[in-house]
Amino acid sequence: MARVLVTEEIAESGLNQLRLAGHEVDVRLGLTPEELLDVVVGAHALIIRSATNVDAATLEACKDLVVVGRAGIGLDNVDVARATELGVMVVNAPQSNILSAAEQTLALLLAQARNIPQAHSALKAGKWERSKWEGVELHGKTLGVVGLGRIGALVAQRASGFGMRLVAYDPFISEERARHMGVELMSLDDLLAQSDFITIHLPKNKETTGLLDAKALAKTKKGVRIINVARGGIVVESDLADAIRSGHVQGAALDVFEKEPTTESPLFELASVVVVPHLGASTAEAQDKAGITIAEQVQLALAGDFVPFAVNVSAGEVSDVVRPFMGLAELLGRFIGGLLDGEPADLEVLYQGELAGAGTKILTLCALKGLFSSTGHQGVSFVNAPALANEHSVSFSESSTVVSQEYINLITVRSSGHEVSGTLATVGTRIEPRVVTVDGHSVEIPPAASMLVVRNDDRPGMIGIVGVALGHAGISISSMAVGPSPEFGTAMMVLSTSSPAPMELISELRSTPGIIDIHVISLY
Ligand code: NAD
Ligand code: MLT
């Protein structure tokens, strides 16, 4: 059972899913950063939204942390780089609230253009102000979309229904994709100069913070209106307030602020500014989707499985062909780690048969994780395995060939002069992993928690010597495979034992004439 710390409002549907899976769900809302540093100790998972700052100190305070789950999109409140160094997975729910955020953008666009909140408040305050709150139509106006990603694209699609001309600035989107959406791509300066409405849909990072400052606002068309449902600080609030006061910018509508929560901003006193307290994702639908998605992702991470929405795992997409082989690849990495007499120098993984060309990056990552886990490294994860390889100068690579002589699929891992191959075998109705060769000897055997790999002279009596020694130590053999190698003139015994063989026994066998080497392998 893992302890899942939840520091912000998350849909009960998601939290219940975690409780049903047997986890302890500890909901602590409204913690100060200092309180968080205490409460996070002992948590295996931390689930947040945008108000919890998961900085390096928080991550370092929590030695047991496996995963940070962000129930939403933006990751500007998580130190992803430090999490990666510490082997902590960071996952988000990238699709959960995009529709809600896009609809909120359109709501704010219309509210700003038609002064709806202002007129509403006036009427409720007893003032019938028809002429004061005249607005403008969207039809025929140019909408400049800054950041044509998931939300930007949904906004563009909806705005086209209002008959707006659509232009966008996004250097990472192809002309063709934009054209397909009916959007004209252009430079930021051109967009600023041409747009009647500008809507921001960028991630917040070093490059985008302060993108719309006084200098950029001075380049906009007179009378422009600015909408921001992305992140506070991309538009500089004080510069925007000045530009509105000067009459150059007509008005703005903001969902997000430089500092949150806040009840103070130079924009709040301006009549043509519409503001709401970060409500872009605050719909029942988005919260349900975010809660359920993040619960699923956190559960997978806690189980050590592959997590599709992990943002700091460098594995790309995982196909249905590749997914079943993840456990096998990790076992082979562990197996070869057990054959090494010291730290690994390298890892090479060869994929043969149907796996060739199937996007095997995740399998190589699994093998690397297995290798480091079995060579004395604690807390190895999909996240930090490449960083560990880098730190320990372990080069890793993969190659593939469609040719596989005996098996439909075969994975071979090589490290520091050793080589182990494995496959998935059909046993009745089950698919089971099999180790099929070890250092050039054919030995078909299911992987097990405790195994011994004995290389000996290829002569009679050797199996008896090992069997008797294990028997004297009270250890039974659960399965065994023997493979001679005519090429090396040696034989290989691979045995699964009921319990791990003690070191004295291994030393005794190592000094027995005819035994060339012996290795203890722990796979689970
Ligand atoms: P996305 O990653 O799908 O899209 C972002 C786009 O910005 C991408 O197309 C990318 O190419 C582009 N981009 C990145 N850096 C750029 C740069 N320097 N200049 C120009 N373009 C750049 O993200 P998304 O899901 O569409 O989310 C957009 C923003 O909305 C994020 O900041 C997210 O946190 C925020 N968001 C806010 C709410 C809310 O409640 N207000 C809800 C959801 C998302
Ligand atoms: C997000 O990035 O997903 C939003 O800002 C929504 C949120 O955190 O509630």
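In this predicted model, an oxygen atom of ligand 2 sits 2.8 Å from an N or O atom in the side chain of Asn 97. Two further residues reach the ligand in a similar way: polar side-chain atoms of Arg 231 and of His 278 each lie 2.7 Å from an oxygen atom of ligand 2. For orientation, a polar contact is a pair of N or O atoms within 3.5 Å; within protein, one must be able to donate a hydrogen and the other to accept it, and residues adjacent in sequence count only if both atoms are side-chain atoms. Of the 260 Å² of accessible area that ligand 2 has on its own, the protein covers 92% (Shrake-Rupley method, 1.4 Å probe; for residues, only the protein chains shown count as cover).

Turning to the surface, Ile 463, Ile 477, Met 480 and Val 482 form a nonpolar patch with about 300 Å² of accessible area together. Such patches join nonpolar side chains (Val, Leu, Ile, Met, Phe, Trp, Tyr) within 5 Å, from residues with over 30% relative accessible area and no salt bridge (a side-chain nitrogen of Lys or Arg within 4 Å of a carboxyl oxygen of Asp or Glu). Strand β20 (residues 477–485) gives the largest share of the patch, three residues, while Ile 463 belongs to helix α16 (residues 462–472). Helices (H or I, at least four residues) and strands (E, at least two) are DSSP runs, numbered from the N terminus.

Residues are numbered from 1 along each chain as its sequence is written, and chains are lettered from A and ligands numbered from 1 in the order in which they are written. Local features need pLDDT of at least 70, side-chain atom pairs count only at pLDDT 80 or more, totals for chains, interfaces and linings use all residues, and side-chain values use heavy atoms, with hydrogens and water left out.

Notes
Patches are made of residues with over 30% relative accessible area and no salt bridge: like charges are joined within 9 Å, nonpolar side chains (Val, Leu, Ile, Met, Phe, Trp, Tyr) within 5 Å.
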